[in-house]
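Hi everyone, thanks for coming. Let me bring today's structure up on the screen, and then we'll walk through a few parts of it together.

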Amino acid sequence: MSWGLALHGGSFNRYPRRGADPAPYIKALSECRDRGVAVLTGKSKPSFSPHEHLNPAMQAVIETVIALEDCPLFNAGRGSVLNELGKFEMDAQVMDNRGHCGACTGLTSIRNPVLAAERIMTKSKHAFITSPGAEQFAIREGLRTESFDYFCLEERIRQLEAARETGQVALDHNIHKRPVAATPTTSGGSTGSKAVPLDDGSRGTVGAAAKDADGNFAFALSTGGMTNKMAGRVGDTPLLGAGGYAHGQAAVCATGKGEKFLYRNTCGHICAAMEYGSLSLADACKAEIGKLAQGDGGVIGVDTDGHVVFEFNSQGLLRAMQESSGKRAVAVWTDWEETNF
């Protein structure tokens, strides 16, 4: 049977289209995709110890998100942003089409929040645990912890300082700062001394959706949230139906302005439109994202044929995909600049 894997590193609106080098992000997305595909197709075992009942689709999306969390380019795990108190509060969620799900919020020291969500799904009697309970449960389960310094990147400190100065609470890539001295870009050049986006590449949430050859669907999501967010704030990422949903026809997950996806229960509506309105995944995604304001974000998903769908109304979406048909690609903007990568 057919299979497919889609992943994203977040949507964005203020990334300098020609002012920064996308190559590091294209490379990172490609590597994360390849790790997920290897697990999805049985060519390699996952880096974590999966529960015996985890299907290949679930194993693959978790493996993909672990790779994204470990990469400091993305706002999840090691690349997470700081809240108003200068602390980390990380959220994650996993779900498959058989009704198995797990979610957590407010993690501060767990290296891979997506594994905490997986353990909640497989080892607890619950589906959603907030911290400090979620943190304590993950530690009891033996998940790896890291110090504050592991997560705290200099770039994130600068973003928090700028957000405090201007009173912003924003996605990492939407923060602008006042005129400052020139700072390096990812390509080794300089941004100049005018007001520029703080972030050179890290984008919102990370996520993955997959269908395996046995017909199983699953998705996984992880995020550090919003820079300078109020302590305790929860967005769409860990909430079923808002941040993601999986059923017998597709797996879908979202990225962007979390409150907007919460309000519309975006991913739940997409799956309902497929199930009750007989829409294709592509049409359902297009219709639902069309109801959001320009720049709010987007969704990724995989359908029963293993076809990958990306739909977004932001300036761009860091994304990658591969299908059993042989199609594989990585992209940053609205078009597919890098195909067969």
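Let's begin with an empty space inside the protein. Eleven residues line the largest cavity, and those nearest its centre are Thr205, Thr223, Arg233, Asp236 and Thr237. Please keep in mind that this is a predicted model. So what kinds of residues make up that lining, by class? Seven are polar, two are nonpolar and two are charged. As for volume, the largest cavity comes to about 70 Å³. The structure has three cavities of 30 Å³ or more. If you're wondering how one finds such places, rolling a probe the size of a water molecule over the atoms shows where empty space is left.

Now, hold on to one name from that lining, Thr205, and let's see what it touches. The side chain of Thr205 makes a polar contact with the side chain of Thr255, at 2.9 Å. Where does Thr255 sit? You'll find Thr255 in strand E8, which covers residues 250-256. And is Thr255 buried or exposed? Its relative accessibility is 1%, and buried means under 20%, so Thr255 counts as buried. Setting aside neighbours within four places in sequence, Thr255 is in contact with residues including His8, Gly10 and Ser11, as well as Phe261, Asp296 and Leu317.

Those low numbers lead us to our next stop, strand E1, which spans residues 4-12. Nine of its nine residues are buried, so E1 is largely enclosed by the rest of the structure. Which strands does E1 pair with? One partner is E11, residues 316-323, which runs antiparallel to E1 and is joined to it by eight bridges. Another is E5, residues 206-211, also antiparallel, with five bridges. Ala6 lets you see both pairings: its bridge partner in E11 is Met321, while in E5 it stands opposite Ala209. While you're looking at strands, remember that in a regular strand the side chains alternate between the two faces of the sheet.

Finally, let's zoom out. Altogether, the protein has nine helices and 13 strands. Of its 341 residues, 59% count as buried. And how do contacts spread along the chain? Taking contacts between residues at least 6 apart in sequence, 66% join residues at least 24 apart. The pairing of E1 with E11 is a nice one to find on screen, with residues 4-12 beside residues 316-323.

That's my tour. Thanks for listening!

Definitions and conventions: Residues are numbered from 1 along each chain as its sequence is written. This is a predicted model: local features need pLDDT of at least 70, side-chain atom pairs count only at pLDDT 80 or more; totals for chains, interfaces and linings use all residues. Side-chain values use heavy atoms; hydrogens and water are left out. Buried means under 20% relative accessible area, exposed over 50%, partly exposed in between (1.4 Å probe, protein chains only). Helices (H or I, at least four residues) and strands (E, at least two) are DSSP runs, numbered from the N terminus. Two strands pair if DSSP finds at least two bridges between them. On a 1 Å grid over the protein atoms alone, a cavity is a set of points where a 1.4 Å probe fits but cannot get out, and a pocket is an open set with protein on both sides within 12 Å along at least five of seven lines; lining residues have an atom within 4 Å of a point. Grid points are joined across faces, edges and corners, and a volume is the space filled by probe spheres set on the points. Ala, Val, Leu, Ile, Met, Phe, Trp, Tyr, Cys and Pro count as nonpolar, Asp, Glu, Lys and Arg as charged, and the others, Gly among them, as polar. A polar contact is a pair of N or O atoms within 3.5 Å; within protein, one must be able to donate a hydrogen and the other to accept it, and residues adjacent in sequence count only if both atoms are side-chain atoms. Contact means heavy atoms within 4.5 Å.
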